[in-house]
Every structure is written in C-alpha cells, then in structure tokens.
Amino acid sequence: MGYTGKPVGAGSRVDDLCRACKLEREHVVMVASGDGVPLRVVCDYCGSQHNYRGGMARRRVSSPKTAAPIPHGPLPLVSDRERSAPPMEETEQDLELLLRRIIREECGLSAVTPADKWIGGDVVLRPGREGLQEKTIPIETFFSKIVMVRNRLRTLEQQVNASDLSASTKAKLHGYITGCYGSLTSFNVLFADEEDRFKGSGG
C-alpha cells in the first residue's frame, strides 16, 4: 500500500486504521523509512502498536489531475474501514456492514452530508511560532470525527432517557449534554442539512 502523504519522521502524527480500535485514529510514527514513509505507528487513543496501514492518506493523491472524483452526498453510515474481519463470501450485501448499519439506524443515527464547498478541502492547523510544522487534515476525515462525536452524544442522550436515574439526575445530565451540543455549534458550517447540525439550549 503506497504512502502519498507528506514525508514524516519518528514522532510525527498520521491518521491510520487502528488494529485494536477498528477505527481510523491519529497515530504517532515510531519508525519511518529514509524517504519519510511511516512504517510502524502507535495509536494515540489506545496505545496499540502496529505497522502503518494507510488510513485516509491512501485515498488522497498529490496531483489534482489524477485525483479520483470526490463523491457528493452523505458520507456512509458505515464504512469498510471499520471491518473487524475479512469480507464473507460474495453476497448481495455484506453481513457485517449491514448489521452495523441496522444497529446505527435503530439508534437514530443517519448518514450525514457535508456542505459541497468543503468537499475535497483540508483543515490546516498552523502553529503561532515560526519553524514549527503545520498539521493538515482532510476535511472529510475531520467531518467524520465531528459526526462521530455528534452520534455518540445522541446515543448518550438515549441511554440517559432509558436509565433508572432520578428525574433530577437525568435533568442534570441533559444539561451537560446540551452544553456539549452548544459548544459544538461552531462546526455547523460543515453540514449541508440544517437538521443534522448541533443545537444548543436555544435550538
């Protein structure tokens, strides 16, 4: 699997599919080749170490002339990157991804569409001091992480509603959740559909 990102060294950060988490997460490079290709990484979330797998970087190319068309429309509710085992025998629908999608739809989660103007773009984090390397994140990766936070907050809200907690405790927890939604309204500009956006106490 070829590496198409910027050259990196030990201590650099790259996005990769975590072997243990079964999700794409930020990793720290442990070993890199002489030409800056990550070889061995450690997950910044769970600490597991594994060979570099490619992450979203494998989907991006340096030349826009050779870039594959960027799909418009909702991001998939489930993706092949979440797979925990090889695909089963050829069928009309893959059973693992089908079950993941059904569970998420039953939890009230749905595919989310990013605003057209952001598709194919990058989020650039530029340090305030000269000489420090900036961090570039594909917007689709950043958007997926924001949607993941939104979905987990919604699941948490459902769990609170279904719990045996007292009414006062539920109200207190709902206040914290609403506060989280309010803090995330800055990212509403990324969403194409208004119903997908974060809403705080005034929403």
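Glutamate 134 is partly exposed, at 30% relative accessibility, where buried means under 20% relative accessible area, exposed over 50% and partly exposed in between, for a 1.4 Å probe and protein chains only. Its side chain meets that of arginine 126 in a salt bridge, at 3.2 Å from N to O; the term stands for a side-chain nitrogen of Lys or Arg within 4 Å of a carboxyl oxygen of Asp or Glu. Arginine 126 is exposed, with a relative accessible area of 62%. The structure is a predicted model, in which local features need pLDDT of at least 70 and side-chain atom pairs count only at pLDDT 80 or more, while totals for chains, interfaces and linings use all residues. Residues are numbered from 1 along each chain as its sequence is written, and side-chain values use heavy atoms, with hydrogens and water left out.

The search of the whole structure finds 4 salt bridges. One of them brings together the side chains of glutamate 26 and lysine 135, at 3.6 Å from N to O. This pair links distant parts of the chain, since glutamate 26 sits in strand 2 and lysine 135 in strand 6 (residues 135-138), 109 residues apart. Strands (E, at least two residues) and helices (H or I, at least four) are DSSP runs, numbered from the N terminus. Glutamate 26 is partly exposed, with a relative accessible area of 26%.

Another salt bridge joins aspartate 196 and arginine 150, whose closest N and O atoms are 3.7 Å apart. Here too distant parts of the chain are linked: aspartate 196 belongs to the segment after helix 3 (167-183) and arginine 150 to helix 2, with their positions 46 residues apart. Aspartate 196 counts as buried, at 7% relative accessibility, and arginine 150 is buried as well, with a relative accessible area of 1%. Salt bridges that share partners also join Arg13, Glu26 and Lys135 into one network.

Attention now turns to the sheet. Its 4 strands form an open sheet in the order 1-2-3-4, with antiparallel pairing; two strands pair if DSSP finds at least two bridges between them. The edges are strand 1 (13-17) and strand 4 (49-51), each of which pairs on one side only. On average, and with direction ignored, neighbouring strands of this sheet are turned by 45 degrees against each other. Axes are lines fitted to C-alpha atoms, for helices over the stretch in contact, and angles run from 0 to 180 degrees between N-to-C directions. Strand 1 and strand 2 (residues 24-32) run antiparallel and are joined by 5 bridges; among the residues involved, leucine 17 has glutamate 24 of strand 2 as its bridge partner.

Leucine 17 can also be placed relative to tyrosine 52: their C-alpha atoms are separated by 8.2 Å, and the two are 35 residues apart along the chain. Tyrosine 52 lies in the loop between strand 4 and helix 1 (95-106) and counts as buried at 15% relative accessibility.

Helix 2 (residues 139-162) lies across strand 1 and strand 2, running at about 130 degrees to strand 2. Helix 2 also packs with helix 3 at an angle of about 170 degrees, their axes being 10 Å apart. These two helices are therefore roughly antiparallel to each other, a label for angles over 145 degrees. Contact, meaning heavy atoms within 4.5 Å, involves residues including Arg150, Leu153 and Leu156 of helix 2 and Leu173, Ile177 and Tyr181 of helix 3.

Methods: Parallel < 35°, antiparallel > 145°, perpendicular 65-115°, else oblique.
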